[in-house]
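Subject: Structure handover

Hello,

Please find the structure below, with my notes after it.

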Amino acid sequence: MDTEAVRSFVRAAELGQLRHAADELGVTQQAVSKRVAALERELAVRLFTRTARGVDLTLDGQAFLPHARGVVAHADRAVVAVRPGSRSPRVDVLGLRSAQAVLLHDYWRARPGVDLDVVTLRVDDPHLVAGAVRAGDLDAAFRTVTDPATLPPDVRMVHAFDSPLELLVGPRHPLAAARTLTPAELRGHRIWVPGIVAGSEWSEFYDQLATAFDLRIDATGPNFGTEVLLDALAGAADLATLVGARDRYLWPAGHDLRRIPIVDPTLAYPISLMLPAADPHPALRPIIDHFAGLPPLPEPVWRPSWPRFRPAAARR
């Protein structure tokens, strides 16, 4: 069904004249008449009776009108949903439990009426995510291309925030009673991060982290999901993992897992935001400012050696 024909029918019905509908729609009266006639042929009914004053709805036209209004409204909403600048900003996060998602949720709760389209693009290569930003499929993405020379020229990155790491262990782990830990105290302990994907930003992060502090990062085994990992930690005396301090994890009370901050130095995972180099979605600026306003991490801080992009708040 031609939505423009339906739109022409609705406006003619509401205004009572084909000429007025044509003026409002920016087409000729003949075009509106042809659209309505084509719609009547498709439906095999008469929608209007022509009168000296204009047009009146037939009984079939009266029955069709509320449905036709719905068709037009749905079509308009569909256009808005994919039009940059008028639709909600579509932002990719690495996972719905991630710090990015948690902070976006905080932003949304503090601003009633703000709309966000939060998605998770299930790819590990950040270059593919950059391509989605470049193509307009995403307005922004919390991902990092660690070599800026390989970033598409029409996509830029800004530093959003630093995510401090914590050690997550079960109650039987020898470090479970610690209130804080230093990286040196993690040496010799098995830190299990299953499913690290070669070529991903977190693969490079863990490589640099392990080298810098002589840590035992174990990536063996497939990643069966967060619940399986938490179950394994709860029952093990020699198993730990690293999580972001703002990442959201829930587990049964009987697991008695412990999240222990790492200090001296704080281990920071830098979170970048990819967005178009020109004409980013206007709703992104307050989001970027929200992240830029987060409190700084306690010094000293260790970060990987990949380039840190200019703070988001400094870019206008």
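The notes cover the N-terminal helices and then one loop residue.

This is a predicted model, in which local features need pLDDT of at least 70 and side-chain atom pairs count only at pLDDT 80 or more, while totals for chains, interfaces and linings use all residues. Residues are numbered from 1 along each chain as its sequence is written, and side-chain values use heavy atoms, with hydrogens and water left out.

Helix α1 covers residues 3-15, and its end C-alpha atoms are 18 Å apart, which agrees with the 18 Å expected for 13 residues at 1.5 Å a residue (the expected span is 1.5 Å times one less than the number of residues; helices are DSSP runs of H or I with at least four residues, strands runs of E with at least two). At the start of α1, a side-chain oxygen of D2 lies within 3.0 Å of the backbone nitrogen of E4. Buried residues of α1 include R7, F9, V10 and R11 (buried means under 20% relative accessible area, with a 1.4 Å probe and protein chains only). G16 follows α1 and has a positive phi, near 80 degrees.

The axes of α2 (residues 18-25) and α3 (residues 29-43) come within 8 Å and cross at roughly 105 degrees (axes are lines fitted to C-alpha atoms over the stretch in contact, and angles run from 0 to 180 degrees between N-to-C directions). The two helices, α2 and α3, are therefore roughly perpendicular (65 to 115 degrees). Their contact (heavy atoms within 4.5 Å) is made by L18, R19, A21, A22 and L25 of α2 with Q29, V32, S33 and R35 of α3.

V145 sits in the loop between β5 (140-141) and β6 (155-169). V145 is buried, at 1% relative accessible area.

Regards

Technical notes
Buried < 20%, exposed > 50% of the residue type's maximum accessible area, 1.4 Å probe, protein only. Polar contact = N/O pair within 3.5 Å; in protein donor to acceptor, adjacent residues only side chain to side chain. Parallel < 35°, antiparallel > 145°, perpendicular 65-115°, else oblique.
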